[in-house]
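Trainee: I am new to this structure. Please take me through it, one question at a time.

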Amino acid sequence: MQGWRKNMEDAFIAELEVPGFEHIALFGVFDGHGGGEVSKFVAAHFVEVFSKRKSLQEGKIGQALT
């Protein structure tokens, strides 16, 4: 079937507590779209970058995710 690949190119995060924000859990799946390098990079750095967002510090969780 066209579109199937031999390797999984997606990556994910499953954080029950975001550092500094124990009341926030964060789950995400990142699609590799033909290459896993970017999805793996995002999974490795997303929580760190998200937790430093000014809007998150202000309690604007939805804006911090945008």
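Trainee: How much area does the protein expose, and what percentage of it do carbon and sulfur atoms supply?

Mentor: This is a predicted model, where local features need pLDDT of at least 70, side-chain atom pairs count only at pLDDT 80 or more, and totals for chains, interfaces and linings use all residues. Residues are numbered from 1 along each chain as its sequence is written, and side-chain values use heavy atoms, without hydrogens and water. Accessible areas come from the Shrake-Rupley method with a 1.4 Å probe, and for residues only the protein chains shown count as cover. The protein exposes about 5200 Å², and the share from carbon and sulfur atoms is 57%.

Trainee: In what order do the elements run from the N terminus?

Mentor: Helices (DSSP H or I, at least four residues) and strands (E, at least two) are numbered from the N terminus. There are three helices and two strands. The order is β-β-α-α-α.

Trainee: Why is the protein said to be more spread out than a compact globule?

Mentor: The radius of gyration is taken over C-alpha atoms, and the globule rule is 2.2 Å times the number of residues to the power 0.38. For 66 residues the rule gives 11 Å, so the protein is more spread out, with a radius of gyration well over that, at 14 Å.

Trainee: Which residues outside its sequence neighbours does Val18 contact?

Mentor: Contact means heavy atoms within 4.5 Å. Neighbours within four places in sequence are left aside. The partners of Val18 are then Ile24, Leu26, Val47, Phe50 and Ser51.
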